[in-house]
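Please look over the model shown below before reading on. The points that follow are meant for someone meeting it without prior acquaintance.

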Amino acid sequence: MNRIDIAPILAGLAMLALWEGLTRFFQVPTVILPPPSAIGAALVERGPLLLPAAGVTMGLALTALAISIGLGTLIALIFARVPLLERSLGPYALVLQATPIVAIAPLVIIWTGIENPRRAILILAVIVAVFPVLTSALAGLKAVDPGLDRLFRLHKASSTQRFLRLELPTAAPFLLAGIKTAAGLSLVGVVVAEFVAGTGATGGLSWRLVEAGNRLETATMFAALFLLALMGLALNAVLALIEKRIRA
Amino acid sequence: MPTDPPIRLSAQQACVRFGTLEALGPIDLSVRAGECVVLLGPSGCGKSTLLAALAGLQAVASGAVQADAAGGSDIPGVVFQEPNLMNWATAQDNVALPLALAGVDKVERLGRAQKALKQVGLATFSAAYPRTLSGGMRMRVALARALVNEPSALLLDEPFAAIDELGRRALDDLVLGAKRDQNLAVLFVTHSVDEAVYLADRILVLSPRPGRIMAEIAVPHVPRDPAFLTSPAFAEAAAAARRVLSAQLVAA
């Protein structure tokens, strides 16, 4: 069994207690900063509204992640096979990666049409999440041990055999590290895109966040933030588990 | 009169060039079934290049090289300087790799891999991952992998250089055992004179680049045991090899 470190749990509880105590002592208005107890109450009260919204956002993030994994690996494979393509297109990929996603968002929304917010959100999330997958997969594919490469040549391995038995296993740990980064980014991408799309059409969690902000329901905003953080953590935990399985 | 055993490895006037650099040759060489020929020579003289050419991994610029099958696999067993194991696969899966690449079905290849592991004394380590094995054990796995598809020739490129004296002797004995039991033609590259004499039926001393055969030293057919290491025959062959190598140093 893994031993659970109680130090961070105790520290968290202490901070929550301090937060609760200070907001009560100084009588801070809940609109500015609600105490944890109010946030907990909002979570329970608004749960029926927030949880389905969280489901939508999580679903979009997972879809974007899946597309990013497939697309990133595919492009990496093509780049690894055709170095000329990597040399000529690589710099432009970097430009796209370096451009802030918020700045691209309105354009993508125009192109996909305002009536297709789901598609726009997926495209935007994939744009941010695909790069860590691409770069890590490419690094992994290039990390093939030259000695093993020679052995595969000696035994006249086909390119399929080479891919399945040599390149993929070599790249797997690299790819997994990239996927972990991509998971966080796909969630960020979805949330940012939902903000920019600014419609309730998809009914995601960031829409609820904006809505609560407009109504000055600060406790509900915190509850939504809490759920977002929880989703990020859950994604990370699942990937860490997969990583452990593969490394074992 | 018994006829000579068939030739399994041969080179005829083989030359290798890297760009304008003459790396090797011309070289003539033949290794018969059941014979161990050791290539001895200074660093960079093209020993490894000759081995790679015989394995089909390096094209020759002129002349020819050949590795002949005898019913078994036409791909020779090769052991490189490093074990080159897949660290994500068990010892058994590593050994089974040549069979997997040849399309042998799983049950059969795992059975044959297990047999090869037993041959190198690692029968109980089939489920072990490379990182849990010592350097000598990893080399044994590499040797088992080279033997698993029952090749008719075995090529070894300074395989045991990084291994301690005793472990090395044990590995040398495994090579000699495989040569005898499977009637293998063995071509062994080393820079250790003692290892060369212990293993070889014939030692070929190569010149500095481009490597050519400078001398051939026959080693007497006596049992390879600890007594051989301290015998006059061993000392004589080792001295002969050292004389040729020193003459090169003087000439260079």
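1. In this predicted model, V188(A) counts as partly exposed, because 17 C-beta neighbours lie inside 10 Å of it, whereas 20 or more would be needed for a residue to be called buried and 12 or fewer for it to be called exposed. V188(A) has its place in helix α7 of chain A, which covers residues 159-197. When V188(A) is set against T135(A), a residue 53 positions away along the chain, the C-alpha atoms of the two turn out to be separated by 19 Å.

2. Between the two chains, eleven residues of chain B are in contact with eleven residues of chain A. On the side of chain B that touches chain A, these residues divide into nine that are nonpolar, one that is polar and one that is charged.

3. Turning to chain B as a whole, the reader will find eight helices and nine strands in it. Its C-alpha atoms fill a box of roughly 55 × 45 × 45 Å, taken along the principal axes. The radius of gyration of chain B is 18 Å, and this agrees with a compact globule, because a globule of 252 residues would have a value near 18 Å.

4. Two further figures describe the interior of chain B. Buried residues make up 44% of its 252 residues, and, of the contacts in chain B with a separation of 6 or more, 71% are accounted for by residues 24 or more positions apart.

5. How many of the six residues of strand β7 of chain B are buried? Six of the six, at residues 185-190, are buried, so the strand is largely enclosed by the rest of the structure. The residues point in two directions from β7(B), with A185(B), L187(B) and V189(B) going one way and V186(B), F188(B) and T190(B) the other, and all of them are buried.

6. Which strands are joined to β7(B) by five bridges? One of them is β3 of chain B, residues 36-40, which runs parallel to β7(B) and is joined to it by five bridges, with V38(B) standing opposite F188(B). Another is β6 of chain B, residues 153-157, which is likewise parallel to β7(B) and joined to it by five bridges, and here A153(B) stands opposite A185(B).

7. The pairing of β6(B) with β7(B) may also be read together with a helix, since β6(B), helix α5 of chain B at residues 165-182 and β7(B) make a right-handed β-α-β unit.

Terms used:
Residues are numbered from 1 along each chain as its sequence is written. Chains are lettered from A and ligands numbered from 1 in the order in which they are written. This is a predicted model: local features need pLDDT of at least 70, side-chain atom pairs count only at pLDDT 80 or more; totals for chains, interfaces and linings use all residues. Helices (H or I, at least four residues) and strands (E, at least two) are DSSP runs, numbered from the N terminus. Two strands pair if DSSP finds at least two bridges between them. A crossover is right-handed if, with the strands pointing away from the viewer, the path from the first strand over the helix to the second runs clockwise. Two residues are in contact if their C-beta atoms, placed from the backbone, lie within 7 Å. Ala, Val, Leu, Ile, Met, Phe, Trp, Tyr, Cys and Pro count as nonpolar, Asp, Glu, Lys and Arg as charged, and the others, Gly among them, as polar. The radius of gyration is taken over C-alpha atoms; the globule rule is 2.2 Å times the number of residues to the power 0.38.
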